[in-house]
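Reader: I'd like a close look at one part of this protein, and I'd rather have it talked through than listed. Could you walk me through it once it's on screen?

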Amino acid sequence: HISRFPVYLSLSIFGSVRNIVAGDRKLKREEMASLGFNLGFSSPVVQIQQHRKVYGSGRARCSSSSQASLSATAATPPEIELEFFGPKPGSDGSYPADKAKAVSGEKLLRNIMKENKIELYATYGKVMNCGGGGSCGTCIVEILDGRDLLNERTDTENKYLKKKPESWRLACQTIVGNKENSGKVVVQRIPQWKK
């Protein structure tokens with residue numbers, strides 16, 4: 001009898017029951033329905049795969065309380081807003097600006113700039129950069145605001161930037177956020193060109 005075995009419930013990424021395993025065999029849809037599993041459960045806010053283990057009679061229903069707990073696990077991660085200023089003012093005297101957003105703690109500043117097609121390198125760096133390996137020192141940026149939202153300077157940065165201001169960073173070594181914080185970071189591109 002199926003009810004003697006632990007029953008595993010596997011939900012799809014949208015919350016509907018995908019399959020149920022009792023003991024070592026996968027149940028058919030009719031068997032799942034006869035056990036009382038609510039096959040129509042769905043929650044579009046759930047974005048992760050869930051597995052449930054049910055004991056006893058082998059009956060389980062996804063109630064509104066489990067729907068709420070599943071929704072809470074899919075909370076939006078914190079974001080960092082970035083603003084990038086060009087190295088030289090335009091003809092009107094204002095500095096060109098680009099904007100981007102990134103999930104806190106997930107990407108390097110270099111990758112964010114590349115993905116958003118924001119110019120990172122001076123002329124020499126466009127040809128001679130190391131591709132983000134931290135071995136050339138050509139991806140220099142200056143952090144004008146939001147330094148507390150970034151990781152500490154790495155040993156590689158200390159090597160290449162030892163005679164430069166503390167606000168200067170290597171984009172390939174700079175992690176934007178720490179997975180918990182959010183806020184705004186203001187970046188000056190190619191600070192060595194500033195006048």
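Reader: Let's zoom in on strand β5: which residue in β9 stands opposite E83? Please use that pair as a way into the surroundings.

Author: E83 faces V186 in β9. Before we go further, keep in mind that this is a predicted model, where local features need pLDDT of at least 70, side-chain atom pairs count only at pLDDT 80 or more, and totals for chains, interfaces and linings use all residues. Residues are numbered from 1 along each chain as its sequence is written, and side-chain values use heavy atoms, with hydrogens and water left out.

Now for the neighbourhood of that pair. Strand β5 covers residues 79–85, and strand β9 covers residues 183–189. The two run parallel and are joined by six bridges. (Strands here are DSSP runs of E with at least two residues, helices are runs of H or I with at least four, and both are numbered from the N terminus; two strands pair if DSSP finds at least two bridges between them.) β5 has another partner, β6, and that pairing is antiparallel, over seven bridges. There, E81 sits opposite K101.

Step back and you get an open sheet of five strands in the order β6-β5-β9-β7-β8, with mixed pairing. Its edges are β6 (97–103) and β8 (168–170), each of which pairs on one side only. From one strand to the next, the twist averages 35 degrees; the angles are taken between N-to-C directions, run from 0 to 180 degrees, and use axes fitted to C-alpha atoms. Towards the β8 edge, β7 (residues 140–145) pairs with β8 in the antiparallel sense over three bridges, and E142 has W168 as its bridge partner there.

Back in β5, look at L82. In a regular strand the side chains alternate between the two faces of the sheet. L82 counts as buried because its relative accessibility is 0%; buried means under 20% relative accessible area, exposed over 50%, and partly exposed in between, with a 1.4 Å probe and protein chains only. Leaving aside residues up to four places away in sequence, L82 touches D98, K99, A100, K101, A102, L109, I112, V176 and V185, a contact being heavy atoms within 4.5 Å. One of those, L109, is 27 residues from L82 along the chain, with 9.5 Å between the C-alpha atoms.

At 189, β9 also carries a charge pair: the side chains of R189 and E119 form a salt bridge, 3.6 Å from N to O. (A salt bridge means a side-chain nitrogen of Lys or Arg within 4 Å of a carboxyl oxygen of Asp or Glu.) E119 is in the loop between α3 (109–115) and α4, and R189 is in β9, so the pair ties together parts that are 70 residues apart in sequence. R189 is buried, at 6% relative accessible area, whereas E119 is partly exposed, at 34%. K126 joins in as well: E119, K126 and R189 are linked in a network of salt bridges.

The count for the protein is six salt bridges. Another one sits at the β8 edge, where E157 meets R169 with the closest N and O atoms 2.6 Å apart. That pair links helix α5 (residues 155–160) to strand β8, 12 residues apart. E157 is buried at 0% relative accessibility, and R169 is buried at 5%. Then there's E115 with K107, at 2.6 Å from N to O; E115 is partly exposed at 48%, and K107 is partly exposed at 31%.

Finally, the wider frame. The protein has five helices and nine strands, and 41% of its 195 residues count as buried. Among its contacts with a separation of 6 or more, 62% come from residues 24 or more positions apart.
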